[in-house]
Structure formats: structure tokens, C-alpha cells
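Visitor: I would like a close look at a single part of this model, the place where aromatic side chains gather, and then an account of how that part sits within the rest. Could you take me through it step by step?

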Amino acid sequence: MKDGLSENLFRDCRRGEKSAYTVLVKRHYRSVFAVCLGMLGNIHDAEDMAQETMLKGFRKIKNLGSSEKFEAWILRIARNLCIDFLRRKKRTREIITGQIMEAKTGTNENHVLQQAIRRLPQEFRLPLTMFYFEQKNAKIIAEKMEISHSGACQRIREARKMLHELLTERLEK
Amino acid sequence: MKSECEKIKDQIADYASGILPDAEAADLQRHLKDCRSCREYARALKDEDKLLTALFAEIDTNMDARQQRVLNEINRSSQSEQNKTIPIWVKIMRNRITKLAAAAVILIGILVLASVFVGTNKSVALAGVLEKVEQARAFMYKMDMTMTGSMMQGGKHEVRGTIIISDEYGMKYEMYTPDPDTGEKAITEMYILLDKKLAISLMPEQKKYLRMEFDDDWLAVVKREKNDPRETLKRMMDCNYNELGRKEIDGIKVEGFETTDPKFSEGLVEGVKVTLWVDVKTWLPVLWEMDIEKNKLIEIQAVISDFQWDIPVVASDFEPVIPKDYTDLSTDGDKAPKLSEEMTLNKDAPAGTDCCERGEAYYFDGEYDQAILELTKAIEINPGLARAYVTRGITYEDKNEHDLAIADFTKVIEIKPTDAHAYVYRGMVFKNKGEYTLAIADYSKAIEIDPTISDAYKGRASAYTTQGEYDKAWKDVYQAQAMGRPVDPKLLEKLRKASGRDE
């Protein structure tokens, strides 16, 4: 997958050129959102943080080295912002129970599934979420998470098994 | 067989996710044929796979709308970017209502501006402090702050305050300023109620109050600039710091840490010195001193002390009581302003102020050429705007353009002939340029107008030293020292050597 910024695009972005950055947003927003959703488990927060990430990317792109890949860089920003967000949230003990992964037309079945995903530890929720956002391509998510292919597969596997446990535990209840 | 099935479960999970290598698929199929429980497991996981695929596809359907919102936001921000965002504390400074009320906010804001903290493990000791501090759901401290510099029009501001921060309710500031008659005078009581997105400021002297709604933009700024000492602590952890060892403060054994790492302020200010003393028993801060400086624009010295941790707070502590005879400031004129508007509201600001502040902001960010452009624009709009000449002069001087700097400070003196600081600036430039006689003349003029500016004595001492007028130089050194302002050790060393005196 080609991710290297073309020279022109890169130069324009560094100059704060909005139209150039727009191209990047269009290219990478979905991935950024997927990372945020995976980290936070909540659509509303993920939207906020994905926006924050893209804005921060816009402000900071002049610091991006020319050899560095934009995608890896922006996803790292997303992860760090989410970590910071979670830390803050933990501190303010803000527990949002109502809006967990709420898709607008969420059915009951979806609701149970969303709850279960939310209960997954973040290290498994993130690869699982990204996996389903990336047309179930483990190789791509390995790249995006900057881990090995086998590492990515392993996490997806564990996530699936754990999710199944959580879902059946619910049913038994 | 069980452990075999456990292993098979891994394969099933991969199979159900579509990531099982083909080579293993055949084996798995064979096992599934014979093993009912695994077959059921596989079916369940396949079903879940379908549900997951459907769920994420559904979440994905709103993606375009989300992306569009982000693009709009970037559009907006880049427009204001082109206009240079004026840091919130610059706005606070220029606003007479918020200036002192928000002093505490500025102090902390100035230190923690901008980007997100990324923790490191290198500072174990401070991490322990942070952990203790984070456990406190509500705490209180006192602050004494002195602000000087050219941004503080009218010279020096002293503010004292008590601040309560609660995770649950928000923040409350009570600010005082010294008063020659009564000892101290209440300036304001300010509440920042995060959940209600409301800031309320009571001004007893004017018998007025102001209710300001934050909008999300302002909240985002607050979040970014993180006005919380806990964030300051995190920032400090990320810097190089020295351990100062132990001593006693008011009978409490404390351990000290000090940083002068410019990283602490993200390079925003040049001179920064932060000292923190923590109780060795509880690992909670006892005394916190900060001294920060940005060129001659602003210098803030602050002492934060009298911490009380984990104090009980109730909702009513954060419910402002507005006396009946107080009038709503916003009814004086306009509709109730939003806080962000209030910040930019600038009814009595002279023309060109906006450009001037953008210029100052550029200067703070080290973007000198942009700063000069904006400041020149400000001067074109309002040729009488001394403040713009001051900042442009400082900027030129930082670029080693002495003559242009001198021209700007001369203009300031023309506009405000009794502005002692303008003479100090011009003296400094003359000195840097090697025109010592002219430098001495300017410093002397400054001292004549206002004998309390220690920088004038220090500058003149340096100029006298170069001129070989050691007696006069020593006299100025003593004077500066008597004012409690340390003299640059390099100058002292030079003077000692040159004069052959060891004082």
C-alpha cells in the first residue's frame, strides 16, 4: 500500500496548506477513527479523539520528518491522545454507561455485542476493531499497529475467544 | 483430548476470522467432523463473525459525515491559524475584567501550553508524587504571584489567591490584591464549573458579576492548555531536574526538586525555574515556586503553598452566591457574552490591537518575520500604538537588527516620553551595539523617571564596567542587589577582574 507522501503534497502540508491536508484526512480518517474506537470503545469519544488527532496532525505536520510515514505518525498521535484521554477520564471518574458503542440504529443483539466488545481489554479491543474496519486483513492492521503479522493474528485470535466467552457468559446469565 | 481441543479452538478462532492458513484448514475440517463440541464452537464463532462484520459495517456508514465534520473543523482552524491564534493568556492579559481573575489560570496555563504530555519512566520519585496527588479528589492551595514586564501595562501586578480544585465540581478561585489602606482587596471570586460549561465571576469592588458560558472551543483550549497543577507536575516529570536533597519547612521534612529545563515550558519562555518541595512522609507537595520570564515581555514569580489535600467539598461550595445588589455586567450593554467572545471582546482596546497581539503571539513562538509583519500592520492601522513598537523593537533586537530596534524604542519614547521601560529597552540595544555612552544615558534617564526598575541598574552596571567606571558600576550592582534582584554572575566576575576588587 502506498503511503509515502508525494513531495508536493508534503511540502504543501508543511506550509499549512489546508487543501493538501484535506487529501490526507480523506485518505486516513477511517483508520484514525478505527484506532480511536478500538482504544476507547465508545463511538462518541472516538469521534472526538479522531477529530482532535487530525487537528493536531494539521498543526504538527511541519515537525514530521520527510522520510517518516504519515499514516504511522498520525496513528501514533491517535493512540497517544486516546491514552491521555483515558487517563483524564479515569481521573474524573467519568463513567459513561449510556452511550457504549451506540450505533444509531442499534438492535438489541448489537447492544449485547457492543457491551461485550467494550468489556474486552483495550489491547484486544483495538486489534479486533481495526481488523473489522480493515476488511479483515491482518497484514494491514499489523502494519498500522506497528507489530508483526503473527502478533496481530494472535491478538485477533485471543480477542475472538475472549469475546465469545463474554457473550456466552451473558447468555448463561 | 481436551488440550487438543484447546489448540483446535485457536484454529477455530482464526478460521472464523478468515485468517487461518489454508494448510491448516484441512486438518481442522477433519477434526470438526468428529468433534461435536468443536463444531458448535466453530458455528458460534462464525455467527459472531457475521454479527461483528455487520456491526462495524453499520458504524462505518456514518464515516463520510464524520470525516466531513473533521474537514470543516480543520477549515475553521486553518482560517484562524492564518490569523494566528492568540494564546488565551494574552487575551486574558488584555481584558481588564478577566486579567486578575484569571491570573491563576494564566500562571499554570503558561507553563503547560500546547501538546500532550507523554510520560516517561525516568523520574521515579516524581511519579510517586503524581500518584499521590492524583488520588486527591479535591484540594486547595494558596498562591502569591507577582507579574512584571512590558505586557503588564502599568508596571507590576501582585495577586494573592486561594484555589480549590475538585474533580467533581470544577475550580474556584478567590483572588486578592494588596491594598495600601485595607491590607488587601478582594478582586474577584471566580468559578469554573466544567459540567455546566459555565464560568461565573463576582467582582465585589464593582458590585458586578459576570456569567460566561464556555463554548466547546474554549473548553478545548482549556483542555489543551490544561490548567491544573497536576498537569504541571507531569510536565516537570518529563524534564531534566535536580534533586535538592532534604530540609525542613515549618517543621515538615521535605525533599526538593528543581528544573530549569526549557522543555518545561515547551520553549515558550526562556527563563524558567521551578522548585518543588514535597513532604517525605506523604509525598505530597508542600511548596512550589516558579519563576518564569519571556524576554522583557513578562516575568512571573509565583509561590504556591498551604496545600490541603483531599479536603471535603460539597456541591454548595461550587454554587456561587450572588448578592442581590450585584448587577449583571452583561446587562450593561450586550447580551450575555460567551467566554470565548468575552476574551476577544475588546471594546476599549485601541485600533490595531488585534494585529499587535497576533504579532506578540508570533514573537512568542519564535516566528520573528511573521511577528514583524503583523506588528507593522498594527502600526499602519494605529501609528500611536506604543505596544506594537515595543514588541517589534524587541523582535528586531532578537534578530540583531540594532538600528531598527533603536528606531522603534525611540518612537515609543516619542509617544510616551515618561515610559521608563522604553529607555531601558533602548539602553539595552545601545549596549548590545557597543554604544556605551548612549546606553548609560538611557539607563540613567530610566532611573530618573522610575528608580525601581532593577534592570536599569543592572544594564548600567554592565555599561559602566565596559567603560572602566568601576566605582559607578559597583554602586549600581549594590543597588540592584538591594532590590532583591540577582546580578548576572558573569557580569560580577568581569567586574571583579576588571576593577581588581573582590566584593
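**The aromatic cluster and its surroundings**

Guide: In this predicted model, one aromatic cluster is formed by A:Tyr29, A:Phe33, A:Phe131, A:Tyr132, A:Phe133 and B:Phe56. Over all chains the count comes to 13 aromatic pairs. One of these pairs is A:Tyr132 with B:Phe56, whose ring centres are 5.9 Å apart and whose planes meet at 15 degrees; planes under 30 degrees apart count as stacked, so this pair is stacked. A:Tyr132 belongs to helix H6 (residues 122-133) of chain A, while B:Phe56 belongs to helix H3 (residues 36-60) of chain B, and the pair therefore joins two chains. Neither ring belongs to an exposed residue, since A:Tyr132 and B:Phe56 are both buried.

From the cluster we can move to the nonpolar core. The largest nonpolar core has 64 residues, and those with the most contacts inside it are A:Tyr21, A:Phe33, A:Met54, A:Ile74, A:Leu163 and B:Phe56. Its largest share, 13 residues, is supplied by helix H2 (residues 18-40) of chain A. A:Phe33 and B:Phe56 have already appeared as members of the aromatic cluster. As for A:Ile74, once its neighbours within four places in sequence are left aside, this residue is in contact with A:Tyr21, A:Val32, A:Thr53, A:Met54 and A:Gly57. Another core, of 48 residues, lies apart from the largest one and includes B:Tyr389, B:Phe430, B:Ala439 and B:Ile447. In soluble globular proteins, nonpolar side chains tend to be buried together.

B:Tyr389 of that other core leads to helix H14 (residues 386-398) of chain B, where B:Tyr389 is among the buried residues, as are B:Arg392 and B:Glu397. H14(B) is mostly covered, with 11 of its 13 residues buried. From its first C-alpha to its last, this helix reaches 18 Å, close to the 18 Å expected at 1.5 Å a residue. After H14(B) comes B:Asn400, which has a positive phi, near 65 degrees. For chain B as a whole, the secondary structure comes to 20 helices and 12 strands, and 51% of its 503 residues count as buried. Among the contacts in chain B with a separation of 6 or more, 56% are between residues 24 or more positions apart.

Aromatic rings in chain B also meet charged side chains. The charged end of B:Lys247 sits over the ring of B:Trp277, at 4.3 Å from its centre, and B:Lys9 lies over the face of B:Tyr41, 4.8 Å from the ring centre. Another tyrosine, B:Tyr362, has its place in helix H12 (residues 353-364) of chain B, and its relative accessible area of 7% is under the 20% cut-off, so B:Tyr362 is buried.

The cysteines deserve a last word, given that the structure holds zero disulfides over all chains. The sulfur of A:Cys82 has its closest cysteine sulfur in A:Cys36, 3.8 Å away, and because a disulfide requires sulfur atoms within 2.5 Å, this is too far for a bond. A:Cys82 is buried, at a relative accessible area of 0%. B:Cys356 is likewise in no disulfide, the nearest cysteine sulfur being that of B:Cys355, 8.6 Å away; at 1% relative accessibility, B:Cys356 counts as buried.

How values were computed: Residues are numbered from 1 along each chain as its sequence is written. Chains are lettered from A and ligands numbered from 1 in the order in which they are written. This is a predicted model: local features need pLDDT of at least 70, side-chain atom pairs count only at pLDDT 80 or more; totals for chains, interfaces and linings use all residues. Side-chain values use heavy atoms; hydrogens and water are left out. A nonpolar core is a set of buried Ala, Val, Leu, Ile, Met, Phe, Trp, Tyr and Cys residues joined through side-chain atoms within 4.5 Å. Buried means under 20% relative accessible area, exposed over 50%, partly exposed in between (1.4 Å probe, protein chains only). Helices (H or I, at least four residues) and strands (E, at least two) are DSSP runs, numbered from the N terminus. Contact means heavy atoms within 4.5 Å. Rings of Phe, Tyr and Trp (its six-membered ring) pair if their centres lie within 6.5 Å; planes under 30 degrees apart count as stacked, over 60 as edge-to-face and the rest as tilted. A charge sits over a ring if NZ of Lys or CZ of Arg is within 6 Å of the ring centre and within 35 degrees of the ring normal. The expected span of a helix is 1.5 Å times one less than its number of residues.
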